[in-house]
Amino acid sequence: LFAGPVDFVKGVVAMSGLPPADRAEVCFAGRSNVGKSSLINALTGRKSLARASNTPGRTQEINFFDLGGQSYLVDLPGYGYANAPLDKVQKWQALLKQYLSGRATLRRAFVLIDSRHGIKAVDEEIMSLLDSAAVTFQCVLTKADKLKSKELDKVLAQVREKLSKHPAAFPELIVTSSEKGDGIATLRAVIAGLE
Ligand code: GTP
Ligand code: MG
């Protein structure tokens with residue numbers, strides 16, 4: 001699946017702009033700056049396919065990427081704090097919620113959690129929305145390169161404990177570093193297995 005071409009399809013700002021729901025898709029959700037766009041670049045081996053930046057609120061549209069004409073990878077705007085005008089942020093957060101609860105072909109939502117921070121209240125809110133919409137979600141820990149393994153173990157325990165209360169959570173966690181490449185092959189295999 002990841003061996004073929006990857007192309008940017010479109011950026012979407014309203015539900016009416018979504019491409020036809022004619023193939024499987026997976027999306028990457030998470031707080032602003034957690035590393036969603038960087039993870040898509042690492043997965044596809046394309047340095048700046050999805051635009052990443054140190055400013056929270058970089059991705060402001062729902063960006064669709066075509067994987068070999070077979071499925072979509074979907075880069076979402078972040079939730080939580082963003083360095084952007086409030087009306088704009090509110091608009092994309094509303095769209096994000098509509099998308100997460102109303103996309104028939106969404107096979108799995110990957111909910112990215114910063115390894116240094118663990119699950120926050122805003123993450124729980126999105127997870128509860130996914131529970132209600134019966135969309136299976138799986139947590140991906142990001143930026144693992146920033147932690148020592150003992151610190152990582154602590155966060156993993158917190159994440160597992162919180163996930164046990166979410167019926168839509170897929171229990172297996174994936175620990176990644178887009179910078180160093182940890183967990184990327186594992187995540188590719190999980191996505192390929194959802195086809
Ligand atoms: P928004 O679009 O603003 O919601 O952010 P995002 O979740 O798409 O995050 P993005 O990929 O833009 O990355 C945010 C910052 O984190 C950038 O400065 C990245 O270089 C950095 N970053 C992302 N992944 C990693 C990682 O695995 N390790 C390290 N050390 N930094 C990372
Ligand atoms: Mg982004």
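1. The UniProt record, in an unreviewed entry, places the feature "domain: EngB-type G" at residues 22-195. In this predicted model, the span of residues 22-195 is 36% helix and 23% strand, and its end C-alpha atoms lie 13 Å apart.

2. The strands form an open sheet of 7 with mixed pairing, and their order across the sheet reads β1-β3-β4-β2-β5-β6-β7. At the edges stand β1 (6-12) and β7 (169-175), each of which pairs on one side only. From one strand to the next, the twist averages 25°.

3. Within that order, strand β2 (residues 24-30) pairs with strand β5 (residues 106-114) in the parallel sense, and the pairing extends over 6 bridges. As a specific point of register for anyone inspecting the coordinates, F28 stands opposite F110 in β5. Helix α4 (residues 149-163) packs on the sheet, where α4 touches β5, β6 (137-142) and β7, and the direction of α4 makes about 165° with that of β7.

4. Turning to the ligand, the shell around ligand 1 holds 24 residues, of which G35, S38, A52, T59 and G78 come nearest. Helix α1 (residues 36-44) supplies the largest share of this shell, contributing 3 residues.

5. As for the chemical character of the surroundings, a breakdown by class gives 14 polar, 6 charged and 4 nonpolar residues in the shell around ligand 1.

Notes
Residues numbered from 1 in each chain as written. Chains lettered and ligands numbered in written order. Predicted model: local features only at pLDDT ≥ 70, side-chain atom pairs only at ≥ 80, totals over all residues. Near = placed C-beta within 6 Å. Helix = DSSP H or I, 4+ residues; strand = E, 2+ residues; numbered from the N terminus. Nonpolar A, V, L, I, M, F, W, Y, C, P; charged D, E, K, R; others polar. UniProt positions renumbered as here; feature names shortened; annotations may be inferred. Pairing = 2+ DSSP bridges. Axes fitted to C-alpha atoms, helices over the stretch in contact; angles between N-to-C directions. Contact = placed C-beta atoms within 7 Å.
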